[in-house]
Amino acid sequence: MTVTSADCFLIISNLELHLLALSHLNMINPQRVNKQFVMRSLSPMYACMFVYMFVLMLYPYQRVLTYEAYLTREVIFYPEFCARWVWKNVFFINALHYIGVFFREDKMYQLRAKNFFSEQSMKSHYLIKMSFYIAMVMLVMTLLICYTLDEQLYTELNIVRILLYIIMGAIFIQYPLIFKEIEPLLYSQQNKEEIAATIAADPDEMSAEWKEIRQKIVEEKKYLVPHITMPDMALFYGVTRSTFSSMINQNEHMNFNQFINKLRIEEAKKIMDADPSTKLIVVGNMVGYTEQSNFTRNFKNVTGMSPREYLEKKGR
């Protein structure tokens, strides 16, 4: 049995697909990438690899070794060609599966983040998605190479792939800092008993309790604490995380992130009205924002205008 460079590339490409996909999924939901998920995802690749190698052992002389032979119709009856064709299509289906899973998990991540953080920097999220988009471009190139045996295309696309790997490496180097920021969200767990208790709670009773808690929040201004999270605030006011989340959703009709930002922007407007000469970066810091871009973006989301436009409208 002779294993060609095309065979090696097909094997390496499959391993590359799973490595890139699983590593990116692990960035946004490490609990999803468990032993069962990994084994279930890898099993089609191992099955195709076994069948392909078995066919090569049985039919060692019926090989498609040149691009010209690939273009002829005669080779479609070769067992090796059929086995490779099936493997390539399984590779394609696996790629589509991973893309679907990533976007679904990414959507859930964004929903969890909005109901967890008071101030979430979008930079970390953009970097993870950018890295995933680069990985998808690389997979497209891999598919082009796998579906053809054109040596010139193989060389040209691999040069581009090397450059993309360098860019992806630069993003991965920053992941420890990204992980430090999102770690509380990734590994937060809601107790099943807490969730059940929240579902069974009387809405009127919860509404009355929320009025008291909301008054304390406004008076004590805990929302001004930078990077405060929903579990932190729920613990401070003596309720479970799931109960606190339900209180905000049912009574304020918004998530935790929106609620905190609304309170912060109202506080910022008071500061700006009282002293228009205060620098905007100082105002942002005073109401709990550590990044000016977050302050400006959330101010516009709440009021429909930027902080500078707000001051100009007030004629100051």
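Is valine 51 buried, exposed or partly exposed, and what is its relative accessible area? Valine 51 is partly exposed, with a relative accessible area of 44%, where buried means under 20%, exposed over 50% and partly exposed in between (1.4 Å probe, protein chains only). This is a predicted model, in which local features need pLDDT of at least 70 and side-chain atom pairs count only at pLDDT 80 or more, while totals for chains, interfaces and linings use all residues. Residues are numbered from 1 along each chain as its sequence is written, and side-chain values use heavy atoms, leaving out hydrogens and water.

**Overall make-up**
- The protein chain has 15 helices and zero strands, which are DSSP runs numbered from the N terminus (helices H or I, at least four residues; strands E, at least two).
- Of its 316 residues, 45% count as buried.

**Nonpolar cores**
- The largest nonpolar core (buried Ala, Val, Leu, Ile, Met, Phe, Trp, Tyr and Cys residues joined through side-chain atoms within 4.5 Å) has 53 residues, of which Leu25, Trp87, Tyr98, Ile128, Tyr175 and Ile182 touch the most other members.
- Several helices, including helix 1 (5-28) and helix 7 (175-186), each supply at least two residues of this core, and the largest share, 12 residues, comes from helix 5.
- A second, separate core of 32 residues includes Ile217, Ile228, Ala234 and Tyr289.
- Leaving aside neighbours within four places in sequence, tyrosine 175 is in contact (heavy atoms within 4.5 Å) with Asn26, Met27, Ile128, Ile182 and Leu186.

**Around valine 51**
- Valine 51 is found in helix 2.
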